[in-house]
Amino acid sequence: MDMKPNLENLDYLFDNNTSFELTDSLYKKKTGLPLPQNSSYLLKKSALAKKCKEKGFSLKLKEKTIYCERNYW
């Protein structure tokens with residue numbers, strides 16, 4: 001059985017409707033799992049990537065710090 005991160009603990013960040021960033025350690029603390037090691041998977045197919053898209057954010061990676069930017073269109 002695949003383990004999935006508990007992204008509900010990040011809802012308050014998405015609900016603020018502003019860009020935010022997460023370090024690997026904070027992501028692990030909030031979700032119970034570390035960030036995926038494969039950058040391409042992390043940015044395109046991970047649970048976090050899907051959540052960002054669903055909430056209207058784009059996902060960017062810079063030295064293992066996540067930036068979720070609010071999309072305005």
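Trainee: Which residues are exposed on the other side of H4?
Mentor: This is a predicted model, in which local features need pLDDT of at least 70 and side-chain atom pairs count only at pLDDT 80 or more, while totals for chains, interfaces and linings use all residues. Residues are numbered from 1 along each chain as its sequence is written, and side-chain values use heavy atoms, with hydrogens and water left out. In helix H4, residues 47–55 (helices, H or I with at least four residues, and strands, E with at least two, are DSSP runs numbered from the N terminus), the buried residues are Leu 48, Ala 49, Lys 51 and Cys 52, and they line one face because they fall within an arc of 165° seen down the axis (the arc is that of the directions from the helix axis to the C-beta atoms). On the other side of H4 (buried is under 20% relative accessible area, exposed over 50%, and partly exposed in between, with a 1.4 Å probe and protein chains only), the exposed residues are Lys 50, Lys 53 and Glu 54.

Trainee: With which residues is Lys 51 in contact, leaving aside its neighbours within four places in sequence?
Mentor: Lys 51 lies in helix H4 and is buried, since its relative accessible area is 13%. Leaving aside neighbours within four places in sequence, the contacts of Lys 51 (heavy atoms within 4.5 Å) are Leu 7, Asp 11 and Phe 14.

Trainee: What gives the most to the largest nonpolar core?
Mentor: The largest nonpolar core (a set of buried Ala, Val, Leu, Ile, Met, Phe, Trp, Tyr and Cys residues joined through side-chain atoms within 4.5 Å) has 16 residues, and Leu 10, Leu 48 and Ile 66 have the most contacts inside it. At least two residues of this core come from each of helix H1 (11–15), strand S1 (20–23), H4, strand S2 (57–62) and strand S3 (65–70). With three residues, the element that gives the most to this core is H4.

Trainee: How far apart in space, C-alpha to C-alpha, are Ser 58 and Cys 68?
Mentor: Cys 68 has its place in strand S3 and counts as buried because its relative accessibility is 1%. Ser 58 lies in strand S2 and counts as partly exposed, given a relative accessibility of 22%. Beyond four places in sequence, Ser 58 is in contact with Tyr 67, Cys 68, Glu 69 and Asn 71. Although Ser 58 and Cys 68 are 10 residues apart in sequence, their C-alpha to C-alpha distance is 5.6 Å.

Trainee: What is the phi of Asn 17, a residue other than glycine?
Mentor: Most residues other than glycine have a negative phi. Asn 17, found in the loop between H1 and S1, counts as partly exposed at 34% relative accessibility. The phi of Asn 17 is positive, with a value near 60°.

Trainee: How are the residues lining the largest pocket divided into nonpolar, polar and charged?
Mentor: On a 1 Å grid over the protein atoms alone, a pocket is an open set of points where a 1.4 Å probe fits, with protein on both sides within 12 Å along at least five of seven lines, and lining residues have an atom within 4 Å of a point. The largest pocket is lined by 13 residues, among which Met 3, Lys 4, Pro 5, Tyr 41 and Ala 47 lie nearest its centre. Counting Ala, Val, Leu, Ile, Met, Phe, Trp, Tyr, Cys and Pro as nonpolar, Asp, Glu, Lys and Arg as charged, and the others, Gly among them, as polar, the lining divides into eight nonpolar, one polar and four charged.
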